[in-house]
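Me: I would like a close look at a single part of this model, its nonpolar core, with the cut-offs behind each term stated as they come up.

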Amino acid sequence: MKGLSISKFLSLLLLGWLIAFSQAYAQGFFGISVTNSSAPVPVNGSITYNINLTNFTGVSLADVFVTNTFSAPVLFLSATNSQNPLAATTNANTLLFELGLVVDGGIVQMSFTALALTNGFLTNTIVVVAPGSVTNTVITNVVIQVTNTTVLADLAVAIKGPSGQIITN
């Protein structure tokens, strides 16, 4: 009877340890910050996005992908990242960064420029995913206003008389 209760205790202890370990892994996350050009942007104006991604999962992740999907037509002009500079692909309104291995605590910086083709509110939905780990997915949105109004400079000219006395002969 005594041997049975010790084995039950050890089984429960092992089970608790496994659950605690898996929860600690599942509680990891990515830190993400996104900045963009100042709003509003004119139609056919360029928008530059800077994305910083930090791996806080507690483990290195072998395959990390960052997808940028826009709600309206854009034209991608350039894209780069600090992890794998040539691994950016586009398809219509979507830009995909294939980062590869991101170590625990690693920071990856991404930057891209797009041309806004229509007016209205342009939403960039950013999704970060590591396919080997179901719990490590981050989604955020960045909204910028695109206007079809052109900002004109004030080119008014005023004519004013002389400021001092005028002496004539």
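How many residues does the largest nonpolar core have, and which of them have the most contacts inside it?

Reply: This is a predicted model, in which local features need pLDDT of at least 70 and side-chain atom pairs count only at pLDDT 80 or more, while totals for chains, interfaces and linings use all residues. Residues are numbered from 1 along each chain as its sequence is written, and side-chain values use heavy atoms, with hydrogens and water left out.

The largest nonpolar core has 30 residues, and those with the most contacts inside it are V64, L99 and L122. Such a core is a set of buried Ala, Val, Leu, Ile, Met, Phe, Trp, Tyr and Cys residues joined through side-chain atoms within 4.5 Å, where buried means under 20% relative accessible area, exposed means over 50%, and partly exposed lies in between (1.4 Å probe, protein chains only). The elements that give two or more residues to this core are strand 3 (46-55), strand 4 (61-70), strand 5 (74-81), strand 7 (94-102), strand 8 (107-116), strand 9 (120-129) and strand 10 (137-147); strands here are DSSP runs of E with at least two residues, numbered from the N terminus. Strand 8 gives the most to the core, with five residues. In soluble globular proteins, nonpolar side chains tend to be buried together.

L99 shows what surrounds one of these residues: leaving aside residues up to four places away in sequence, L99 touches L53, V64, V66, N81, Q83, N84, V108 and M110, a contact being heavy atoms within 4.5 Å.

Strands 3, 5 and 8 also belong to an open sheet of four strands, with the order 1-3-8-5 and antiparallel pairing; two strands pair if DSSP finds at least two bridges between them. The edge strands are strand 1 (30-36) and strand 5, each of which pairs on one side only. Neighbouring strands of this sheet are turned by 20 degrees against each other on average, direction ignored, with axes taken as lines fitted to C-alpha atoms and angles running from 0 to 180 degrees between N-to-C directions.

Following the sheet across, seven bridges join strand 1 to strand 3, and V34 stands opposite I51 in strand 3. Nine bridges join strand 3 to strand 8, where the bridge partner of I51 is M110, a residue that L99 also touches. Seven bridges join strand 5 to strand 8, and there F76 has A114 as its bridge partner.

F76 appears again among the rings, since ring pairs link Y49, F70, F76, F97 and F112 into a cluster. A search of the whole structure finds seven aromatic pairs, counted when the centres of Phe, Tyr or Trp rings (for Trp, the six-membered ring) lie within 6.5 Å, with planes under 30 degrees apart called stacked, over 60 edge-to-face and the rest tilted.

As to confidence, the protein chain averages a pLDDT of 78, and 72% of the residues score at least 70; pLDDT is the predictor's confidence in each residue, from 0 to 100. Over residues 13-27 pLDDT stays under 50, and for this stretch the model has six contacts beyond four places in sequence.
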